[in-house]
Amino acid sequence: MPRYTVHVRGEWLAVPCQNCTNTISWLGKEAVRRYMKNKPDNGGFTSVEEVKFYVRRCKGLGLLDLDDTVEDALEDNEFVEVVIEGDIMSPDFIPSQPEGQLYIYPKLKYGSFVQYISLDGNSLTTEDLVNLGKGLYKIKLTPEAEAKVKRSREVIERIVKEQTVVYGITTGFGKFARTVIPNSKLRELQVNLVRSHSAGVGKPLSPERSRMLLALRINVLAKGYSGISLETLQQVIEAFNASCLPYIPEKGTVGASGDLAPLSHLALGLIGEGKMWSPKSGWADAKYVLEAHGLKPITLKPKEGLALINGTQMITSLGCEAVERASAIARQADIVAALTLEVLKGTTRAFDTDIHAVRPHRGQTEVAFRFRSLLDSDHHPSEIAESHRFCDRVQDAYTMRCCPQVHGVVNDTITFVKDIMMTEINSATDNPMVFAQRAETISGGNFHGEYPAKALDYLAIGVHELAAISERRIERLCNPSLSELPAFLVTEGGLNSGFMIAHCTAAALVSENKALCHPSSVDSLSTSAATEDHVSMGGWAARKALRVIEHVEQVLAIELLAACQGIEFLRPLRTATPLEKVYDLVRSVVRPWLKDRFMAPDIEAAHRLLVEQKVWEVAEPYIEKYRREHIPESRPVSPTAFTVRSLAVNTCVGHDHSHQDEL
């Protein structure tokens, strides 16, 4: 018998349908009847017939024709809402697609191949976690992980059986650590823990981020130090694989003892309470979402509530997204800056191999290499570069000349932070820890989020500089006294304003970042009656790092558009081949500005190119081809080499685009 889950004024109602020829109107009336039956005052109505309503799907909010049959209009177990005329939208109703978030969920046909990632708690990467967040993979445990989980659970069962006093298993939590709980109430203890700690506020995490959080918690539990049963862990994995994602408010964690509030909301949905999202249902009561996917709510055993909520996975999962997005935009920042340098008729001399060999920071060396690979005139002749070969300028402004030094340290910062994140995502962060080989539990402090908190504060500070220097390059592109281009990159200036306010937007984002870069991890507030008297504030460190990175992406999107617009004023001259390919990519989504038009959609289109790494995909083959042809590229640098170079300098050589390695 088909059954539908119907939302009426904040209530979720299961409505079975014995006759598939019943109409949507019948479904709406039956749901209203059941709603009235549950209310002491009949919900303010005297009869069902007087209620006027319309019906829409929860997912996508599509309106349904009241005369259609349920068989034709709906799938079994579909989620719908009855909206009563005159009502405002129920405050409990949450649209199926969270505002401002793009969720990519693969629509797999029945029987199609699904790729799995095997988790063992030791080998997950930041790239893997981001892909799990996108719904590209499902999860299974390795046999070794299953064995470790079983052995760990045996220790917990022994503790319960012997009625040993152990924190969080047979005692209360925090300030109540000395309160011993009788065996008959140990299950209730775990449920109470999850309910009471589900005290977060703010917007829910997007489905992608909820999936990352859930996947990371599974990875930690797979290490076998948490004491969760294999049965319960498999239920968590089934919920992940069905993309049943609990409602997790983004605010509420202080980053020690772990991310208690968000992870409690995660656990709350898994036990069938609170709200949950899936691609099939949209937002609905968790018990209905689980049931719609053939899943049962988890029944917590001793220690299992604590096992689900104690750890740094909120900070770290968001941190992994931040690291991956930072890596992507840092690579592409070099390409955007190289395009700007071409438009501003800069020199490539500052990227000479020997300059960077004598200050051999890895990031600096790599950025200089990328500039050479895109601009080397022997490989990619540029008509724009040739047009100013014998100009009278000797060197460029710092925003172009010092890109290897400024962009370089950003790359090194990302590498440093990624190393910490890779360790953290494969670490056990529970308390107490269960050591099966020693057959005991030990209380410690692995839940403290100081490592990822400090690292993500550092990441925000480092990556911000890409926007700071980009905004200055945008100024040079828009300022005719610095660019030799039309003011604000538009014809008929005055009638048209061109990039005037786009530059203001970039400046505003950079200014916001200055405040967001203040480290959250320098703060600590004592909580839990001074039991947890030092905390990391890592949740805010992670969230603001993502905001900083998004601003960096948007500023570089504006620079990318400005540089491509600058190219228009240098035509018919062409730039180097890799940069022409980047120009073509941008022009495939944004046409040139011949006169003023609505600019925000163009900025968003360019931003999307960077987020999806399309700019890198276009340029990378040229960069890697150059790398293959120039490895090993370095050679010993002698004082003679510098003497010969210095003697060769004249007023034109500063913008001489000859091969960088010629003496």
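What is the mean pLDDT of the protein, and what share of its residues reach 70 or more? The mean is 89, and 91% of the residues reach 70 or more. Please keep in mind that this is a predicted model. Below is a friendly tour of two stretches with low pLDDT, a five-stranded sheet with its helix, and a hairpin.

**Where confidence drops**
- Residues 99–113 have pLDDT under 50 throughout, and the model gives them 21 contacts beyond four places in sequence.
- Residues 634–663 also stay under 50 in pLDDT, with 61 contacts beyond four places in sequence.

**The five-stranded sheet**
- Reading across this open sheet, the strand order is β2-β1-β5-β3-β4, and the pairing is mixed.
- The edges belong to β2 (11–16) and β4 (63–64); each has a single partner strand, so one side of each has no neighbour in the sheet.
- Within the sheet, β3 (residues 53–57) and β5 (residues 79–84) run antiparallel and are joined by five bridges.
- One of the residue pairings between them is Phe 53 with its bridge partner Ile 84 in β5.
- Helix α1 (residues 24–37) packs on the sheet and touches β1 (3–8), β2, β3, β4 and β5. The direction of α1 makes about 125° with that of β2.

**The β11–β12 hairpin**
- Strands β11 (residues 275–278) and β12 (residues 282–285) pair in the antiparallel sense, with four bridges between them.
- Three residues make up the hairpin connection from β11 to β12.
- Two tryptophans face each other across this pair: Trp 277 stands opposite Trp 283 in β12.

Notes: Residues numbered from 1 in each chain as written. Predicted model: local features only at pLDDT ≥ 70, side-chain atom pairs only at ≥ 80, totals over all residues. Heavy atoms only, no water. pLDDT = per-residue confidence, 0-100. Contact = heavy atoms within 4.5 Å. Pairing = 2+ DSSP bridges. Axes fitted to C-alpha atoms, helices over the stretch in contact; angles between N-to-C directions.
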